[in-house]
There are 2 protein chains.
Amino acid sequence: MKPRILEIRQGVLEKNDALARQLRQRFLDARVFVVNIVSSPGSGKTTFLERTLRELIARGHRVAALVGDLETDNDSQRLRASGAPVRQIRTAGNCHLEAHMVETYLQDLDLSGVEFLFIENVGNLVCPSSYDLGESLRVVMLSVTEGEDKPRKYPPIFNSSDLAVITKIDLAEAVEFDRAAALASIEAVRPGLPVLEVSGKTGQGMEAWIDLLIERRRQFLGEAERLMQR
Amino acid sequence: MKPRILEIRQGVLEKNDALARQLRQRFLDARVFVVNIVSSPGSGKTTFLERTLRELIARGHRVAALVGDLETDNDSQRLRASGAPVRQIRTAGNCHLEAHMVETYLQDLDLSGVEFLFIENVGNLVCPSSYDLGESLRVVMLSVTEGEDKPRKYPPIFNSSDLAVITKIDLAEAVEFDRAAALASIEAVRPGLPVLEVSGKTGQGMEAWIDLLIERRRQFLGEAERLMQR
């Protein structure tokens, strides 16, 4: 990378970070727990998120979602069927979401009373790692069909995440998924990263995921209260 | 995207295009048919390429490969087992290969007598679409596990490719792959794009792919002769 480009890239990231900090404060003030979901294209983000929205709604929680894609609003249409308010962010060629896109599309989304906001990033295991969106939880997804060494080959996205979710676990046998190798690969790149194993299709592992979300939001609310009292 | 960044990006792409033209001339002079393989992470590029190298070698062809990854040389180790000369390009965080990386790593690879050079791009359905590497054939791969609407969601990479290969076709039933929907999605984005369906694991469809490569190289050699006679 040439120095001048590096410098400008640095500037872009600094601006993004500054805006992400503002967003994070805004989410904290509104008590909205924000989850940024990143993965390869086709690893099952939308099916997983669809089920997540439905199960949280079924448990009485208020949820909303923003969905990033280069083109089409296929994903937001699918997610809207859950009953949750959903906005599609078309990035028009941009390979990742940035904080300013989230800010823009939030103008059109009523967050009052919303407890969980999910942001489905553009399918890309590289670029989204550099862009903070003000989230409280960054979740990297990896499907059993993708190969166990993905974490070693794409370390930044695993390093910057708070949780790894292995998806399509219902296909593990059909694709001869080597679970131990996948866990070792995650552990090598990001020791101690919590890992969940789920199937958005059969629902396997979804309860543990929903429990984790509710528990993390509880901690987030506790933190918000402590900050208020200062 | 801010104007100043757009301008610099334009400059980067122009420089890349200029270098790609030089590489293309060099490949033409050396009669090396170059294939640039792009796809999501985990769609089976390496397994497919491994089998391709073996089958071409078995048919008496001379082959070589360059493999791009952010980190690790796992893929080049796998490919080297075929007996072909392989070089790993570690992009150190860069989400795509650029012509200057190919040029650099070619210095270390003896192309004399090589008939086919394969370049396995970084797993990414977005950014590689903008970077010409001087290839004669750009192949976009899509696995049956990824969802049939990927072409509609990532149009530039399908628009810029010469061939689509649907991989992991052995899993089609297990994942309830909707073949007609996938083909319609490709056709909507890039009408007339040839599509092959293969399994790098079982070998299904590999013969048609190898035949296509040999036929395309024959056309490429014919073109090289015509240009010489001018």
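The exercises below work through the contact between two chains, the spaces in the structure and its salt bridges, in a model that is predicted.

**Exercise 1. Describe the extent of the contact between chain A and chain B, and state which three residues of chain A supply the most buried area.**

Step 1. Begin with the residues that take part: chain A contributes 38 residues to the contact, and chain B contributes 38 residues.

Step 2. Turn next to the area, which comes to about 3000 Å² buried between chain A and chain B, with carbon and sulfur atoms giving 62% of it. Of the area that chain A buries against chain B, 19% is supplied by Ile8(A), Pro41(A) and Lys153(A), which is more than any other three residues supply.

**Exercise 2. Characterise the polar side of this interface, and then assign the touching side of chain A to elements and residue classes.**

Step 1. The salt-bridge rule finds four pairs across the interface of chain A and chain B. A pair between Glu176(A) and Lys201(B) has its closest N and O atoms 3.2 Å apart, and it counts as a salt bridge because this distance falls within the 4 Å cut-off.

Step 2. Polar contacts between chain A and chain B, counted where both residues are at pLDDT 80 or more, amount to 11 residue pairs.

Step 3. On the side of chain A that touches chain B, two or more residues come from each of α1 (3-29), α3 (74-80), α5 (150-153) and α6 (155-159) of chain A. The largest share, five residues, belongs to α1(A).

Step 4. Sorted by class, that side of chain A holds 16 nonpolar, eight polar and 14 charged residues.

**Exercise 3. Determine how many cavities of 30 Å³ or more the whole structure has, and describe the lining of the largest.**

Step 1. The search of the whole structure returns one cavity of 30 Å³ or more, and the largest cavity holds about 40 Å³ of space.

Step 2. Its lining consists of 13 residues, with Pro41(A), Glu146(A), Pro41(B), Gly42(B) and Glu146(B) nearest the centre; by class, the lining has two nonpolar, nine polar and two charged residues.

**Exercise 4. Describe the second largest pocket by volume, lining and contributing elements.**

Step 1. The volume of the second largest pocket is about 800 Å³. It is lined by 35 residues, and those closest to its centre are Gly147(A), Gly44(B), Thr47(B), Arg78(B) and Lys168(B).

Step 2. At least two lining residues come from each of α5 of chain A and α2 (45-58), β2 (63-69) and α3 (74-80) of chain B, while the largest share, five residues, is that of α2(B).

Step 3. The lining of this pocket divides into six nonpolar, 14 polar and 15 charged residues.

**Exercise 5. Count the salt bridges over all chains, and locate the pair formed by Arg78(A).**

Step 1. Over all chains the count comes to 31 salt bridges.

Step 2. Arg78(A) pairs with Glu50(A), the closest N and O atoms being 3.6 Å apart. This pair links distant parts of the chain, since Arg78(A) lies in helix α3 and Glu50(A) in helix α2 of chain A, 28 residues apart.

Definitions and conventions: Residues are numbered from 1 along each chain as its sequence is written. Chains are lettered from A and ligands numbered from 1 in the order in which they are written. This is a predicted model: local features need pLDDT of at least 70, side-chain atom pairs count only at pLDDT 80 or more; totals for chains, interfaces and linings use all residues. Side-chain values use heavy atoms; hydrogens and water are left out. Contact means heavy atoms within 4.5 Å. Buried area is the accessible area (1.4 Å probe) that two parts lose on being put together, summed over both. A salt bridge is a side-chain nitrogen of Lys or Arg within 4 Å of a carboxyl oxygen of Asp or Glu. A polar contact is a pair of N or O atoms within 3.5 Å; within protein, one must be able to donate a hydrogen and the other to accept it, and residues adjacent in sequence count only if both atoms are side-chain atoms. Helices (H or I, at least four residues) and strands (E, at least two) are DSSP runs, numbered from the N terminus. Ala, Val, Leu, Ile, Met, Phe, Trp, Tyr, Cys and Pro count as nonpolar, Asp, Glu, Lys and Arg as charged, and the others, Gly among them, as polar. On a 1 Å grid over the protein atoms alone, a cavity is a set of points where a 1.4 Å probe fits but cannot get out, and a pocket is an open set with protein on both sides within 12 Å along at least five of seven lines; lining residues have an atom within 4 Å of a point. Grid points are joined across faces, edges and corners, and a volume is the space filled by probe spheres set on the points.
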